[in-house]
Structure formats: C-alpha cells, structure tokens
Amino acid sequence: MDMKKVLAEAVADAVRKAIEAGKLSQGEMAPVVLTVPPQKAFGDFATNFALQAARNFHCAPRVIAAAVQEYLDCPSVDKVEIAGPGFLNFYLKEDWLGESLRAILDKGENYGNLPPKNGEKIQIEYVSANPTGPLHVGHGRGAAVGSALASLMKAAGYDVTREYYINDAGNQMHNLALSVNARYLELFDIPCQFPENGYHGEDIKVTARRIKAKYGDKFIHMPEEERLEQFQTLAKEEKLAALKEDLEAFNCEFDVWFSEQSLHDADKIHQVVDELQEKGYVYEKDGAKWFRSTAFGDDKDRVVIRDNGVSTYFAADIAYHQNKFQRGFDRVINLWGADHHGYIPRVKAAMEALGYDPSRLEVLILQMVALYRNGELVKMSKRTGKSVTLNELIEEVGTDAARFFFIMRSMDSQLDFDLTLATEHSNDNPVYYVQYAHARICSILRQMEEEKIALRKDCDLSVLKEPIEVDLIKKLNDYEELIETAAAERAPHKIAHYVYDLAGLFHSFYNQCRVLGVDPAVQQARLALITAVGNTLRHGLKILGVSAPDHM
C-alpha cells in the first residue's frame, strides 16, 4: 500500500467534491505532495497542497485546507488537522502500518519492481573506453554508476538496453598497432623507433610477448603494412577480451557491444555527412567539410571531414547517434567523463539538424575520482607507476566495496575514494554496514528455521508498535516511491543512501527488539518485519550490483 499515493488521490477527490458542493471555485488541480513530518506530533504525513493551490482556486490556503478536511474520505485516516497558514497534517489509524507491511510481504522478492512503463525504449551507453589498454578507476566509476542506473530504470519499469561503444577505428588503433609492433621487434633485438604517440603501458609488452609465444618470428619478414594490420587485429581482440573480463568481474554487463569500425565499413559516416550537407548544415572550406553547429548555439563550427578526406571522431559520433535513433530507441542516455562536457552541445546540435528532438539525447557527466590511502592521495599504481587500474582496485578492496563507494556519491560531484575505509570490517565502512544488516537477518532466519518456527501469512501485524518498528515499516513503505523518483532523476546514489538508512534502522531494531524468545504473536510479527527488510535490502543491493551475503 503506497500511502502517499492513497492520500494524494483522497485529497484530489476531496477537492472535486468541494467544487461540486460549491465550497471551492473551479481551478486547475495542483500536485499533492506528501511528506513525513519531522515530529510525530505533526502527524504521519503532511502536505502544503492548500498553499500551492491558493492561486489556482482564488482563495486563502486555509479555506482550501478546510474544504479538504471536510470532504476527505480515506479509511486509513483517523483525523486531519490544519496547521499554520494552511498545512494539512494527516494522522492515520493504527492498523495502516500492518496493512502496509502485509502488502510489502505479499510482493516478496518483487517488492521494488514497478509495473512496465508505456513501452518507451531507452538505451544507456556507459564506459566505452578505447580498447587500447586496461580500464582505470575513472572507467570504474562509469561502469558502476552506468550499470546501477540501468538496473534502477529496469526496476522502475523502463525497457532498457545497455550498450558499450567500442572505439576500434582511427588513430588510437593505429598507434596501438605501432606500439605492439615496436615491442614485438624489440623481442628479436631489431631496432625500431617507438611511436611518438604510442602506448607505453606494461600491457603492450605483455601483448607482444604473447604474440611471440604463439606465432614466433612469423611477422618479422612480413611487409610492415600487413604486419601492422595483423597486430591491430590481434591487439584489439586481446584488449577487448581483457576489458570484458574486468567488467564481468565488476558485475557490469552489456546487452550490445557496438563497433565504431562497423560504421566505417558500411560507409555510414560519409552518408550522414552527405545528408547534413543536403540539409544545408555542412559546407566546404579550406578543403575540409564543416558542420554548421553555430546555427544551434555552439561557439564555432566543427570539422567533420578533414582536408585529406578522413572523417573526424565527431563525424563518427554523429553517425553512431543517428544509428541509435534508427534502431528505435525513444531516449538515449550517455554517461561521459567530465572532460567531455563541452562536447555535448555539438552532438545535440547534430541530432537536431538530422531532425531528432535533442531532448531525447541525455548526457550525464561523471566527475573525477581521487583515491586516498591512509589519508594520502594515491596518484600512481604501485605495480606499474601509471594510473591505478580497475583490476588493481578490485584486488585491493573487492567488487562490492568498489561499486558501493563509486555509486554512493552523486555522479556530478567529485568522489574522494577512501581505500583504507573500503577494506575495514567495521560499521564505519558503509558497504560493510549494509551487508552486515542483511547477514544478521539471515542469521535470525536460520535460528528460526532451526527452532522450526515458520512465518504464518495470517500473523497479526498490528502488534508492531515499538517506535523503531514503526520507523522500519515507514522506511520500507518509502521504497517503491524512491525507485520511481531515483529513476526519473537518474540518481542511483539515492538507492545506496536508502539501503544504508534502512540498515541503520534495522541495527537499532536488532539492539532494541528480540525476535526469538518473545510472545509468539510478537515473534511472528517481527519475523514478518525482518523478512520484508531482508527482501528490500537484497533488492536495493542487486540494483547497485553489490552482493547480499548471508554470513559475515
């Protein structure tokens, strides 16, 4: 039972009755927003509806509040009081909490899964790192937040497709081949100048050694152009396999892996440039082709085809985003790093030029991650002296802690990641704190099973009257509304905050209320309560991609 929804509908119905009775004039209905008052003395729920609707109904807020009070018909409401300039405070009957908990229990493991939306197809693209080396911690934040957002929106009823864009074309792939080539020739003591823009990571040396181990000197006598082509293919396959392995270990899955090279192979990039030129949005200057992005508010026009006939990354991105909409997605959501902030207007401009509503393309910006160990900023990997990789982070703190820490802060704020705290087995570590609550619930349930005590569906839930029990039920009752709002706001961090708060309430309950060895009726009701808490914690942790252990 979503009591906020029930009350909102009851208030709207009361307003309609008051208008029919002539107590209020006709007016546009304002939204009815229910909140939980900070003190029990102000009721179980409150709304400022009368203040918000005063202009619509051309009368004082207290007059509107009095009309709602008179015509409100809601079986769960014991009384309604008007406070201050027109606030409405609702006091509910004692049995509403039990009814609410019963409804939550009836949904079982599905509590938190909302009905399907209206068929809107949404694509979420995240990580999309170049397959030229290992993922680093910045990619890790994108992986954690992107996959959690996808899971959150699925729970909220959206039709979601998760996609990774493989940047497997262009200069970075050529430089990858040149880098592997140089390291391969080094293994045979053949002089070779390392490319100026090459990749110096240890992983390139590993790739070269693997090629030598498998193929020997096969490539030495091959024409360089052919050798580079072979190395590009071999290196790409190896790097992509490693990316997939790291992401799988990080509980990050994708429905689609889309190759940039496929756009080049199908000539889609030149086709979209030609389409824009036909529409008058591409012109030629100095031998190059320019997209007229200033027509859409950009600070300058952008090159799409260079004077040597080679397309730019921007042109490929235009073709890729056109392809997304051509595949039938109603809304496209990208998670990009903070360094891409200025890139957003030109991509949106290109979509508008192609005839798409630019608001259908959402770009969410992920801010930077700073790692700290024992209070000291960690800039480099101990192993390589380069950026800390995602794989190294998982080795140090584990997937669960890494994901929770990445997600628990809003994506648009910089994240200071405390490596020391993430490895602590203490209540100061938020992921440990949440998982420990779930493990405690499982421990109680095991004890109940050993005592051959099973939860009865018809147990009396009205006996749950302790303040901490009431607070727990109210918190549980907020969960589905939170799923709806967090999904709409693209805010998976709110789920992390919710499970942390729910865990905190459970720990307080655990310290104040026994489940075993109490009155049988109370025991049954408390067993029902912790079952619902356990289900909800698992559901929230699953959205976050974090495990819910039954032992700690």
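These legends go with a handful of close-up views of a predicted model.

**View 1. Helix H8 from end to end.** Helix H8 covers residues 224-249, which makes 26 residues. At 1.5 Å a residue it should span 38 Å, and its end C-alpha atoms sit 37 Å apart, so the expected and modelled spans agree. Just past H8, have a look at asparagine 251, which takes a positive phi of about 55°.

**View 2. The buried side chains of H8.** Quite a few residues of H8 are buried, including Leu228, Phe231, Leu234 and Ala235. Charged residues are on the list too, among them Arg227, Glu238, Lys239 and Asp246. As a bit of background, an α-helix has 3.6 residues a turn, so residues three or four places apart point the same way.

**View 3. What H8 packs against.** The buried residues of H8 pack against several helices: H5 (137-155), H6 (171-186), H7 (202-215) and H13 (390-397). Two strands join in as well, E6 (159-166) and E7 (256-259).

**View 4. The stretch at residues 5-92.** UniProt, in an unreviewed entry, labels this part "domain: Arginyl tRNA synthetase N-terminal". Helix makes up 41% of the span and strand 20%. The end C-alpha atoms of residues 5-92 lie 14 Å apart.

**View 5. Cysteines without a partner.** The disulfide count here is zero. Take cysteine 513: the nearest cysteine sulfur belongs to cysteine 459 and is 16 Å away, so no disulfide forms there, as the two sulfurs would have to be within 2.5 Å. Cysteine 513 has 7% relative accessibility, so it counts as buried. Cysteine 252 counts as buried too, at 3%.

Technical notes: Residues are numbered from 1 along each chain as its sequence is written. This is a predicted model: local features need pLDDT of at least 70, side-chain atom pairs count only at pLDDT 80 or more; totals for chains, interfaces and linings use all residues. Side-chain values use heavy atoms; hydrogens and water are left out. Helices (H or I, at least four residues) and strands (E, at least two) are DSSP runs, numbered from the N terminus. The expected span of a helix is 1.5 Å times one less than its number of residues. Buried means under 20% relative accessible area, exposed over 50%, partly exposed in between (1.4 Å probe, protein chains only). Contact means heavy atoms within 4.5 Å. UniProt positions are given in the numbering used here, feature names are shortened, and annotations may be inferred rather than shown by experiment.
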